[in-house]
Structures are given as structure tokens and as C-alpha cells.
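Me: I would like to go through the reasoning behind a few labels, setting each value against its definition before drawing a conclusion.

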Amino acid sequence: MKKEFKVTPWDVSGEVDYDKLIREFGVSKIDEGLLEKINKIAKDNNFMLRRRVFFAHRDLDFALKEHEKKNLFLYTGCGPSGPIHLGHAFVWEFTRWLQEKLDLELWFQFTDDEKFLFKDKSYEEIQKWLYENMLDVIAIGFNPKKTHFLVDTKHASLIYPEAIKIAKKLTFSAVKSSFGFNESNNVGEIFYTSMQAVPAFLPSVIHKKKMACLIPHAIDQDPHFRLTRDILPKLGYYKPASIQCSFLPPLTGVSGKMSSSKEMSIFLTDSPEEVKKKINKYAFSGGQPTIDEHRKKGGNPDIDVSFQYLRMFFEPDDKKLKKIYEDYKSGKMLTSELKEILIEKVNAFLKEHQKRRELAKKQVDKFLYK
Ligand code: TRP
């Protein structure tokens, strides 16, 4: 029997059945033809696409056609409520790749309003995370000339006039059924999707021309953009296209997603010792209980979190990944050795990231949209 799972923008739990999610959400799989088209335009072959870490989309073909006409921009975002972890970072790494290879403007929304409304945290605490999170986003390496930060409460005079145009066409009943809200949700939560919809057409307003939008995001955000897609044509804009990824699992096992409110995540500010300790102690292993048994029966990379992190984020080389897969499965490679590979890769990534994060402190102003 398949276990229950749940995917909403605010809660992901259980072992996600992605095929079922594709049917339920009504998104499309990224097929070989579409993959070839992206690779051709990008003049590159991205491993996250090839391995279908990014596996679903809406109207990606349309977005690529608009790109040929130089009429496409990117939009993604971050809700600042805690430290940034690897689950955010791989989505943004992919977004950076898209920005660079397709030479696109990126609009990056920080939804401090959302996190204040939905979480039991003070406005001041959210503002602290807003600043901290901006440093991590900058450190990912987006092009400062082509990246524009929008902060919902700081850019209110720009965003609010557009948000009310969405809100006027968004019924309480549509929001209720999309998110499972009821009478006790606060009114800010009910309004919120109107804010997240705005960057999908704000560049059209600013540039005074009808532009196409492509949103890279984890599939849990799809309900917001499903509603957005219903409304934008009514306001004279294109429906936003999207390219959607699966979730990086938490250290403790391949169900649910990594989260900033849970202990078992690797944060971008963790020290090498912390990373080592977390992975050794918590990374769910597909190995056998004893070395003897492991040598005999081999491990299961498909449920092994360390292997999954390598597949989704840290080992872009298919040949190397295949060798690790086979060695682990055959029992030649032990869990401790697999973990060692991951620890080294994560720490190498974080070392560079943390250097850039220091430099980012002087760059925030450059990224804020003016
Ligand atoms: N709601 C997202 C979160 O909770 C933040 C967000 C805003 C976002 N706009 C987006 C994420 C666009 C992806 C794409 O983190």
C-alpha cells in the first residue's frame, strides 16, 4: 500500500509520489524533445535537467519561443523565516545556470509578508532573516546587473497596486480549495497569493510591453502559480511558465523535504565540523547493519540520502556517479566511505559560498530594485 503524502506550499510530508503529483497538479513532464531544445539554446547540458531533478513544467516550450524573441525573464523567490539550507541552494544554482546560459533578467522576490503571516514569528525576526537570506542569494552568484530583488514590504508602493488587481479577481473560494484554508485562517493568508503573483507580470508593467515569464521553483509552489495563470490573461498578460523540481530530502530519510524550521538540515552557514557531524550522525543510510552483511548484500543507493544528495546536487559527472552507485550497490563501497565523499563535496561548496557571502554584505544595495 502506498503511504499518504502531502504537498502544499507550507507543508511537505510523507514519501512523495511524483507521478501522482504530476497528474493531480496537471503539470507536464519534461520530455526528451524539450530537454534537447533547452540544451541547444543553453549550449550546455545541465545535470539537474538530465537527471530530472527538474522534472516538470508548464508552458516551457512557449517560454523558450519567447526567449528567441528576447521577450523572456526569470522569476523566483524566497520566504525569509530561517537560515538557508541546501534545499534552497540547489534550486537557485539551477536558476543561476538558466540566467547565465540564456542571458536573462531575474526578478527575485523576498516574501517577508508571507512568513510573518504564516509563521509564529515576529516582524522583527523576519526582517533579520530577510537580510541574512539576501546574503545567501547574492552568494549564489547571480549577475548583479541583471538581478532585481523585490521585498514585499519594502517595495509595497510598486507591488501593492498590482496585487490588488489580482486580488479583485481571486475569490475566497478559489483560495480555500487550492490551499485547504478555512474560516480560521487570518485574512492576510487569504490575500497572500496576490502578492506572489505580481513578479510574474511586474516586468511587463515596468518595461511597458507584454513579456513572458519563466519561474524555476520546487513543485510545492505550483498552487500559487496555478491561480496566477488563471488570472493573468484576464489582465492582459501571458500566463507564467514554470520549470519545477522535486524536493531535496531531509538528512533523516527520503520523505518530506529539507526545511529551515527542522533540525536535520544542512545550512549554508554551517561549519565543516557541523556538516561532518550532521552527515555522519543523521544521513539516512541504505547500507546494511554490519560491514560483513554490507559486503555480502550491498547497499541501496535509491533510499540512501547521501547518494541522493550527490545525484541531485553535488556530483554533476554521470560517470563518477554511476561508479559510486555500482560500488555501493555491490557492497564494495561502505556507508562511511559514501558519507566521506559527500562531506568533502558539501564542505568544498560551503567554503566558496561562505567566502562570497562575506563579500555579499557590501552588495545588498546593488541588488535591491530601484
Ligand atoms: N513562497 C515561497 C516560499 O515560501 C517564496 C516565493 C515567492 C517563491 N515567490 C516565489 C518561490 C517564486 C519560488 C518562486 O519560500
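Me: What makes up the shell around the ligand, in terms of nonpolar, polar and charged residues?
Reply: In this predicted model, the shell divides into five nonpolar, eight polar and two charged residues, where Gly is counted among the polar ones and Tyr among the nonpolar ones. The ligand is surrounded by 15 residues, and the closest are Tyr75, Glu114, Lys115, Gln196 and Gln221.

Me: Which element gives the most to that shell?
Reply: Strand E5 does, with four residues; the elements that give two or more are strand E5 (72-78), helix H6 (112-118) and strand E8 (212-218).

Me: What makes the approach of Tyr75 to the ligand a polar contact?
Reply: The cut-off for a pair of N or O atoms is 3.5 Å, and a polar side-chain atom of Tyr75 lies 2.9 Å from a nitrogen atom of the ligand, so the pair qualifies as a polar contact. A polar side-chain atom of Glu114 is likewise 2.9 Å from a ligand nitrogen atom, while a polar backbone atom of Gly79 lies 3.1 Å from an oxygen atom of the ligand. Of the 370 Å² that the ligand exposes when taken alone, the protein buries 91%.

Me: Why is Asn133 called buried?
Reply: Buried means under 20% relative accessible area, and Asn133, at 1% relative accessibility, therefore counts as buried. Asn133 has its place in helix H7 (residues 123-139), and its side chain reaches the backbone oxygen of Gly82 at 3.0 Å.

Methods
Residues numbered from 1 in each chain as written. Predicted model: local features only at pLDDT ≥ 70, side-chain atom pairs only at ≥ 80, totals over all residues. Heavy atoms only, no water. Near = heavy atom within 4 Å. Polar contact = N/O pair within 3.5 Å; in protein donor to acceptor, adjacent residues only side chain to side chain. Areas by Shrake-Rupley, 256 points an atom, 1.4 Å probe, with all protein chains shown as cover. Buried < 20%, exposed > 50% of the residue type's maximum accessible area, 1.4 Å probe, protein only.
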